[in-house]
Amino acid sequence: MRSLLRHSRLLLALVLPALVGLCLPAALGVAAPVPSSPADAPSALTEMMLPVPTVTIYPGDTIKETMLRLQAYPTTYRARAAVIDAPMAIVGRTARRMLLPGEPVPVNAVDDPRLVSRGTPTQMIFEENGLVITAVGAPLQNGGLGETIRVRNTDTNRIVLGTVMADGRIKIGGF
């Protein structure tokens with residue numbers, strides 16, 4: 001009698017969780033994840049980790065690594081817009097709009113940092129064959145590292161194209 005009782009307890013301990021896992025979701029009207037084979041079991045229950053802000057990030061703020069954390073989302077999660085899935089793709093960039101804590105960051109909500117701001121007087125440099133000419137120009141658009149932007153030479157009022165350099169100057173010609 002004791003062995004029968006022991007076996008029935010063992011059977012309940014093994015079967016009951018499986019039955020609850022299959023019947024309870026059906027009773028609630030939710031499909032339970034049923035892997036087709038044991039090899040598929042881990043992938044059926046996996047989650048994707050997306051970087052989300054830990055604090056409110058305002059437009060123009062440079063995003064630091066301490067402002068982000070990874071949050072788990074089900075693999076079936078679908079955002080309204082494409083979101084960034086790697087924290088290092090956000091760090092060092094600038095917020096274009098307010099980013100709320102706990103919300104995935106849309107791709108179009110961050111921008112490369114501005115090295116040159118529209119209308120701010122900036123030094124232009126022309127270098128070729130050892131000849132260096134500098135002048136002051138007014139950028140007609142914002143620009144980040146390596147971007148080609150239009151600049152108005154303040155001496156001649158001519159508009160030229162230049163490439164934004166890491167130090168915030170604009171290289172003209174000699175591309």
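Let's start with one residue: leaving aside its neighbours within four places in sequence, asparagine 153 is in contact with Met124, Ala135, Val136, Gly137 and Arg158. Keep in mind as you explore that this is a predicted model. From that one residue we can step out to the barrel, the nonpolar cores and the protein as a whole.

**Asparagine 153 up close**
- You will find asparagine 153 in strand 7, which covers residues 148-153.
- Is asparagine 153 buried or exposed? Asparagine 153 has a relative accessibility of 15%, so it counts as buried, the cut-off being under 20%.
- The side chain of asparagine 153 also makes a link to the backbone: it reaches the backbone nitrogen of aspartate 155 at 2.9 Å.

**The barrel and its strands**
- Strand 7, the home of asparagine 153, belongs to a closed barrel of 5 strands, in the order 5-6-7-8-9 and with mixed pairing.
- Going from one strand to the next, the twist averages 50°.
- As a general reminder, strands of a sheet pair through backbone hydrogen bonds, and they may do so parallel or antiparallel.
- Strand 8 (residues 159-164) and strand 9 (residues 170-172) run antiparallel and are joined by 3 bridges.
- Which residue of strand 9 stands opposite glycine 162? That partner is isoleucine 172.

**The nonpolar cores**
- In soluble globular proteins, nonpolar side chains tend to be buried together.
- Here the largest nonpolar core has 11 residues, among them Ile57, Ile63, Leu68, Ile90, Ala95, Leu99 and Val110.
- A second core, separate from that one, has 8 residues, including Met124, Ile149, Val164 and Ile172.
- Two of those names may ring a bell: Met124 is among the contacts of asparagine 153, and isoleucine 172 is the residue facing glycine 162.
- Back in the largest core, isoleucine 63 is a good residue to click on. Leaving aside neighbours within four places in sequence, isoleucine 63 is in contact with Ile57, Leu68, Ile90, Val91, Gly92, Arg93, Ala95, Leu99 and Val110.

**The whole protein**
- How many helices and strands does the protein have? There are 2 helices and 9 strands.
- Reading from the N terminus, the order of elements is α-α-β-β-β-β-β-β-β-β-β.
- The protein has 175 residues, and 24% of them count as buried.
- Its accessible surface comes to about 12,100 Å², with 59% belonging to carbon and sulfur atoms.
- Take the contacts between residues at least 6 apart in sequence: 43% of these join residues at least 24 apart.

Notes: Residues are numbered from 1 along each chain as its sequence is written. This is a predicted model: local features need pLDDT of at least 70, side-chain atom pairs count only at pLDDT 80 or more; totals for chains, interfaces and linings use all residues. Side-chain values use heavy atoms; hydrogens and water are left out. Two strands pair if DSSP finds at least two bridges between them. Helices (H or I, at least four residues) and strands (E, at least two) are DSSP runs, numbered from the N terminus. Axes are lines fitted to C-alpha atoms, for helices over the stretch in contact, and angles run from 0 to 180 degrees between N-to-C directions. A nonpolar core is a set of buried Ala, Val, Leu, Ile, Met, Phe, Trp, Tyr and Cys residues joined through side-chain atoms within 4.5 Å. Buried means under 20% relative accessible area, exposed over 50%, partly exposed in between (1.4 Å probe, protein chains only). Contact means heavy atoms within 4.5 Å. Accessible areas come from the Shrake-Rupley method with a 1.4 Å probe; for residues, only the protein chains shown count as cover. A polar contact is a pair of N or O atoms within 3.5 Å; within protein, one must be able to donate a hydrogen and the other to accept it, and residues adjacent in sequence count only if both atoms are side-chain atoms.
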